[in-house]
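User: Hi! I'm new to reading protein structures. Could you walk me through this one?

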Amino acid sequence: MAGRAYWKGYLKLSLVSCPVKLYSATSASAGKISFNLLHKDTLNRVQQKYHDPERGEVDRADLVKGYQFEKDRYVVVTSDELEAVEIESSKTIDIDGFVKASEIDPIYFDSTYYLAPDGPIAEETYAVILEAMKKVDEVAIARIVLNGRERLVAIEPIPEGFRMMTLRSAKEIREPSTALDKLNAKVSDDMLAMASMIIQQKQIEFDPQTFEDRYEGAVMELVKSKIAGGQPVISKAPERGNVVNLMDALRRSIEEERRPPAPSLAKAAGPAKAGVKKAEPKVALAKPAEKKKKSSAA
């Protein structure tokens, strides 16, 4: 059963309108460890207060929204006035046109939603638009007003229905030149061939369900140890071995990738997801190999 809709309105294709409702497709807080702010001496949870230079502490109910048009000069805009402002995309997702998904640079993607038909009567219209878009294999470009601003969106068909992604505007995107300088390094054919070999050896099947936030797990272990009253369990990353030069690192990487995983670890990975979990046994095997090398040198 779907939860409460985030937005309700119409999906419009030319003169065809379909009542739809919008649901968030992601949860930013799912599985996150959250901390509260406490006073260091009393350990009481602190509260956020609003302060006016003339009246001191003020209640939230006394706050209004103001737009600064000159230094220290504001014009007040009420919530009722903001709600009264409407444009076509306030209640309607009007499709401007269609493009191939590959034409949209992923840097523009922002938040993701599901677009569902609003009621049984809307299902036929919804299904017609959905199946037609599946047939042409394209995504729709449209506009919608969300959270007090008009957003450009991309609507794509998926097996279950429509998925809608809000797109960042061009002015929100920084050029690569703001962070990336032109490379002056010359790449040798041997190094390029070896790096390409490593990439081929590390091919995996993308499955986000196999991802586990190890940092969050380490933080939770720290929290649990403090709750139990023992010594804080603080995780430390393994030390990295020294690498003489790039060519040596490439050779050692190829050798490392060629090592078969331990039988017990390979069995645990399973045949279906062996490609995804292939990297884990390699990390586990790297430590014993380094220890053996140190003992022989001693």
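User: In which helix is the place of Ser225?

Analyst: Happy to help, and please keep in mind that this is a predicted model. Look along the chain for the helix that covers residues 214–227. Ser225 has its place there, in helix α4.

User: Is Ser225 buried or exposed?

Analyst: Residues under 20% relative accessible area are called buried. Ser225 has 11% relative accessibility, so it counts as buried. Leaving out residues up to four places away in sequence, Ser225 touches Gly230, Gln231, Pro232 and Val233. The word you want for Ser225 is therefore buried.

User: In what order do the seven strands close into a barrel?

Analyst: The pairing in this barrel is mixed. For example, β1 and β2 run antiparallel and are joined by seven bridges, while β1 and β7 pair in the parallel sense over three bridges. Going around, the order is β1-β2-β8-β11-β10-β9-β7.

User: Which residue of β2 stands opposite Leu11?

Analyst: β1 and β2 form a hairpin with two residues between the strands, where Ser14 takes a positive phi near 60 degrees. Across this antiparallel pair, the residue opposite Leu11 is Cys18.

User: And which residue of β11 stands opposite Ile158?

Analyst: Here we move to strand β10 (residues 149–158) and strand β11 (residues 161–167). They run antiparallel and are joined by seven bridges. Opposite Ile158 in β11 stands Gly161.

User: How many residues does the largest nonpolar core have?

Analyst: In soluble globular proteins, nonpolar side chains tend to be buried together. The residues with the most contacts inside the largest core here are Leu11, Ile93, Ile155, Phe162 and Met164. Elements giving two or more residues to this core include β1, β2, β7 and α2. The size of this core is 22 residues.

User: How far apart are the end C-alpha atoms of helix α5?

Analyst: Helix α5 has 13 residues, 246–258. At 1.5 Å a residue the helix should span 18 Å, and the distance in the model agrees with that. Its end C-alpha atoms are 19 Å apart.

User: Which backbone nitrogen does a side-chain oxygen of Asn245 reach at the start of α5?

Analyst: The oxygen of Asn245 comes to within 3.3 Å of this nitrogen. The residue that carries the nitrogen is also one of the buried residues of α5, a list that includes Leu250 and Ile254. The nitrogen belongs to Met247.

Technical notes: Residues are numbered from 1 along each chain as its sequence is written. This is a predicted model: local features need pLDDT of at least 70, side-chain atom pairs count only at pLDDT 80 or more; totals for chains, interfaces and linings use all residues. Side-chain values use heavy atoms; hydrogens and water are left out. Helices (H or I, at least four residues) and strands (E, at least two) are DSSP runs, numbered from the N terminus. The expected span of a helix is 1.5 Å times one less than its number of residues. Buried means under 20% relative accessible area, exposed over 50%, partly exposed in between (1.4 Å probe, protein chains only). A polar contact is a pair of N or O atoms within 3.5 Å; within protein, one must be able to donate a hydrogen and the other to accept it, and residues adjacent in sequence count only if both atoms are side-chain atoms. Two strands pair if DSSP finds at least two bridges between them. A nonpolar core is a set of buried Ala, Val, Leu, Ile, Met, Phe, Trp, Tyr and Cys residues joined through side-chain atoms within 4.5 Å. Contact means heavy atoms within 4.5 Å.
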